[in-house]
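Subject: Handing over a structure

Dear colleague,

I am passing on a structure to you, and I would be grateful if you could look it through with the notes below beside you.

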Amino acid sequence: MAPGAGSMGSLALGSGTPHFIEGQIEYMDWPGHPLARELANYWIAKRGDRTMPLREEIRPSEIRALLPYLVINQVLEDGTDFLIRLFGTELIKIAGEERTGKRVSEIGGAPETHDIRRRTQERWMEINRRTYETAAPVYARVIMLNEQNACRDAHIVALPLTVTGDGVEQILGGIFSAPAKDRG
């Protein structure tokens, strides 16, 4: 288990029900969660003086404790959708579904089936598109709720990667949680 998992790392609240993004995305200049900062610092070290690192430079063995919280999305159709290539085990628990191999536009089932699922898809698309369009890291905080309204802050890191050296082709992401803070 990653340092700080349980109260700080896991989004699983013990309810066994899927969690959804709710409310507005709060963009940040720097990650607020310690594991999110660890991922951001790793990416910065790999990037060096370039815009972004190559995907092949990201080595799972170097960030083993973060793997359960990671997602890798492949850019599709000039950033209009994203294919989830990796979806960490902790993320599967909180989402209530395995998302590896799905498009972001498909997560949570058909969006018309549930308003909260549609909003979750929209927010993931927004974060991925922002990363793709700016070719820069995106740090954000959102509220995640389950169907019993159990609430956590989800700290999100979305980091651009290139495969061929020709722009953003993948996005390395991490989702880490902490007790919800007052947003008033």
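What follows is an account of a cavity, some aromatic rings and one glycine.

Please keep in mind that this is a predicted model, in which local features need pLDDT of at least 70 and side-chain atom pairs count only at pLDDT 80 or more, while totals for chains, interfaces and linings use all residues. Residues are numbered from 1 along each chain as its sequence is written, and side-chain values use heavy atoms, with hydrogens and water left out.

I begin with the cavity, meaning a set of points on a 1 Å grid over the protein atoms alone where a 1.4 Å probe fits but cannot get out. The count comes to 1 cavity of 30 Å³ or more, and the volume of the largest cavity, taken as the space filled by probe spheres set on the grid points, which are joined across faces, edges and corners, is about 210 Å³. Its lining, made of residues with an atom within 4 Å of a point, has 23 residues, and V71, N73, F87, W124 and I175 lie nearest the centre. Among the elements that each supply at least two lining residues are α3 (115–134) and β6 (170–179), where helices (H or I, at least four residues) and strands (E, at least two) are DSSP runs numbered from the N terminus. The lining divides into 16 nonpolar residues (Ala, Val, Leu, Ile, Met, Phe, Trp, Tyr, Cys and Pro), 6 polar and 1 charged (Asp, Glu, Lys or Arg), the polar class holding the others, Gly among them.

Turning to the rings, there are 2 aromatic pairs, that is, rings of Phe, Tyr or Trp (its six-membered ring) with centres within 6.5 Å, called stacked when the planes are under 30 degrees apart, edge-to-face when over 60 and tilted otherwise. The ring centres of W30 and Y139 are 5.5 Å apart with planes at 70°, so this pair is edge-to-face, and it links W30, in the loop between β1 (19–28) and α1 (34–47), to Y139 in strand β4, 109 residues apart. Y139 is buried (under 20% relative accessible area with a 1.4 Å probe, protein chains only; exposed is over 50% and partly exposed in between), at 7%, whereas W30 is partly exposed at 34%. The rings of Y69 and F176 have centres 5.6 Å apart and planes at 45°, so that pair is tilted, and both residues are buried.

Finally, G167 lies in the loop between β5 and β6, and its C-alpha atom is separated by 9.0 Å from that of T51, 116 residues apart along the chain.

With best wishes

How values were computed
1 Å grid on protein atoms, 1.4 Å probe; cavity = no way out; pocket = protein on both sides within 12 Å on 5 of 7 lines; lining within 4 Å.
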